[in-house]
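Let us walk through this model together, one contact surface at a time. Have a look at the chains and strands first, and then read on.

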Protein chains: 2
Amino acid sequence: MRNRIKDLRLVYDLTQDELAEKLEVSRQTIISLEKGRYNPSLILAYKISRVFMCRIEDVFIFEEGNENG
Amino acid sequence: MRNRIKDLRLVYDLTQDELAEKLEVSRQTIISLEKGRYNPSLILAYKISRVFMCRIEDVFIFEEGNENG
DNA sequence: ACTTTACGTAAAGTATACTTTACATTATAT
DNA sequence: ATATAATGTAAAGTATACTTTACGTAAAGT
């Protein structure tokens with residue numbers, strides 16, 4: 001599972017800190033997400049999609065043919 | 001956050017056990033999800049949406065005006 | 001009567017999402 | 001030169017998703 005968080009964050013001209021605040025998570029969480037270190041909860045994924053005004057599937061890319069997702 | 005897992009499972013005529021197998025999770029996980037006891041991981045949410053051939057947002061309903069999600 | 005199937009609960013264990021703190025690096029500004 | 005802002009790493013701690021086992025119940029089949 002890949003994601004476009006970093007790209008979208010830059011499009012919206014936000015720092016990691018600012019995005020973390022909007023999402024009510026720590027900056028570490030943003031870093032880990034951007035680096036693809038884990039698989040967020042659905043609620044966090046949803047909040048992210050709302051910040052970027054799009055659908056979950058527009059932020060997170062689940063490539064068929066599975067590396068687990 | 002509500003979800004339509006139980007409804008969709010019945011539409012697809014699956015038992016909890018069968019759905020659990022398809023998703024590669026335990027039956028307990030299905031029960032807990034149907035009962036709304038927790039907030040799944042994004043990957044699990046995605047797999048569920050694939051089983052039911054729809055989008056994540058069609059399975060999980062995030063009512064605006066937040067009880068967290 | 002009894003067995004089987006489907007659903008449910010409870011409780012303890014494991015894996016992992018997410019936090020917190022502390023420190024390093026690079027770029028920009030003064 | 002040094003201060004500040006933004007990004008990154010590492011490691012230990014907490015919360016919670018998910019598993020496993022064991023047991024209870026109600027309905028349907030034989």
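A good place to start is Ser41(A), where a polar side-chain atom lies 2.9 Å from a phosphate oxygen of DNA strand C. That pair is a polar contact, meaning N or O atoms within 3.5 Å of each other; within protein, one must be able to donate a hydrogen and the other to accept it, and residues adjacent in sequence count only if both atoms are side-chain atoms. Before going further, please note that this is a predicted model, in which local features need pLDDT of at least 70 and side-chain atom pairs count only at pLDDT 80 or more, while totals for chains, interfaces and linings use all residues. Residues are numbered from 1 along each chain as its sequence is written, chains are lettered from A and ligands numbered from 1 in the order in which they are written, and side-chain values use heavy atoms, with hydrogens and water left out.

Stay with DNA strand C for a moment. Ser26(A) has a polar side-chain atom 2.7 Å from a phosphate oxygen of this strand, and Arg37(B) places a polar side-chain atom 2.9 Å from a phosphate oxygen as well. Two or more residues of the surface near DNA strand C come from each of helix 3 (27-34) of chain A, helix 1 (5-11) of chain B and helix 3 (27-34) of chain B. Helices here are DSSP runs of H or I with at least four residues, numbered from the N terminus. Helix 3 of chain B gives the most, with four residues.

How many residues surround DNA strand C? There are 20, and the closest are Ser26(A), Thr29(A), Tyr38(A), Gln16(B) and Gln28(B); a residue is near a strand if one of its heavy atoms lies within 4 Å of it. On the DNA side, sugar and phosphate make up 64% of the atoms of DNA strand C that come within 4 Å of the protein.

Now turn to DNA strand D, which is also surrounded by 20 residues, the closest being Gln16(A), Gln28(A), Ser26(B), Thr29(B) and Tyr38(B). For this strand, sugar and phosphate account for 63% of the atoms within 4 Å of the protein. A base is reached too: an N or O atom in the side chain of Gln28(A) is 2.6 Å from a base oxygen of DNA strand D. Ser26(B) has a backbone N or O atom 2.8 Å from a phosphate oxygen of the strand, and the side chain of Ser41(B) has an N or O atom 2.9 Å from a phosphate oxygen. Helix 3 of chain A gives the most to this surface, with four residues.

Finally, see how the two protein chains relate. A rotation of 180° with 0.0 Å of shift along its axis superposes chain A on chain B, with an RMSD of 0.0 Å (least squares on the C-alpha atoms of residues with pLDDT of at least 70 in both). That is the relation of a two-fold axis. Each chain brings 18 residues to the contact, where contact means heavy atoms within 4.5 Å. Because 100% of the interface residues of chain A are also interface residues in chain B, the copies meet through the same surface.
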